[in-house]
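Hi,

Here is the structure I promised to pass on. Have a look when you get a minute; my notes are underneath.

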Amino acid sequence: MFNVVSRIYQPTEGKITFDGHNLLTARPNSISQMGIFRTFQNLALWPGLTVLENVMVGAHVHGKVGIGKSLLGVPAIGEDRTMATEAYQILDQLGLAGIAFRRAAGLPYGTLKRIELARALAGRPRFLMLDEPASGLAHSEVDELAALIRSVRDQYQLTILLVEHHMAMVMALSDHVVVLDFGRKIAEGPPTEVARNPKVIEAYLGTAA
C-alpha cells in the first residue's frame, strides 16, 4: 500500500484519496508536494553524504533548484543555507546534531533509522508513512524509537501510518489498528479491542496444542 500511495506501484483498479485529491491521477513527483512522505524498511540513505546532507535531501521538494540540479552544483547558496539550518534543527530535536557533519556510512543501524525519519520531517509532511521502523533494532532501541515517534507526531501534528510487526510498539502508539494475515484483513479497531480478537491472537501468537 505504501508503494501505491507513493506511486511506485500502479494499481489495476480503485482510488486513493488524500485531502480531496485522487492520488492515482496525480504525478508521482507531486505526492511529496502534497505533504506525503515515507521511510523505507530497507534504508535508502546516501552513505557518501553527511548526515546533514542526507536530511537536506528531504527539504528539496520545497526548493526552486531541486535535488538533481543541486547535486550537480547549480548555484543555490541562499536556498541551501536555509535548508541546512532547518535540517540541523531537526537533527538537534532528534538528538543527532552531534553527528550532523559525519558521513552516513558506518553509523549504527538505529542511528540510520533516525536519520531517515529526520529526512522525512525535513519535507514538512502532513501525512507520514513509516515502513517497519523497528526492524532490526534491539528492544531498548524500540522503546526509544516509540517515544520519539510519539513526540514527533505531537510536535509536528502529523497523521502517521505505521506498518510494523513489533506488537508492543503498535499497541503503545496507535489510535486505530488494522491487522493483516497473509494480505487479508482479519481485524480493525482500537488497540485494546484488536488485542483481544481471537483471530489476531491465533495469527500472531498461535493456538495451544
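Below is what turned up on cores and pockets.

First, the small print: this is a predicted model, where local features need pLDDT of at least 70 and side-chain atom pairs count only at pLDDT 80 or more, while totals for chains, interfaces and linings use all residues. Numbering starts from 1 along each chain as its sequence is written, and side-chain values use heavy atoms, with hydrogens and water left out.

The largest nonpolar core has 38 residues (buried Ala, Val, Leu, Ile, Met, Phe, Trp, Tyr and Cys joined through side-chain atoms within 4.5 Å; buried is under 20% relative accessible area with a 1.4 Å probe, protein chains only). Leu-91, Ile-115 and Met-169 are among those with the most contacts inside it. α5 (109–122) gives the most, seven residues (helices are DSSP H or I runs of at least four residues, strands E runs of at least two, numbered from the N terminus). A second, separate core of ten residues includes Leu-23 and Phe-127.

Now the pockets (1 Å grid over the protein atoms alone, 1.4 Å probe; an open set of points with protein on both sides within 12 Å along at least five of seven lines; lining residues have an atom within 4 Å of a point). The largest holds about 960 Å³ (space filled by probe spheres set on the points, which are joined across faces, edges and corners). Its lining counts 27 residues, with Glu-164 and Val-178 among those nearest the centre. The second largest is about 670 Å³, and 22 residues line it; β3 supplies the largest share, three.

Cheers

Key
Buried < 20%, exposed > 50% of the residue type's maximum accessible area, 1.4 Å probe, protein only.
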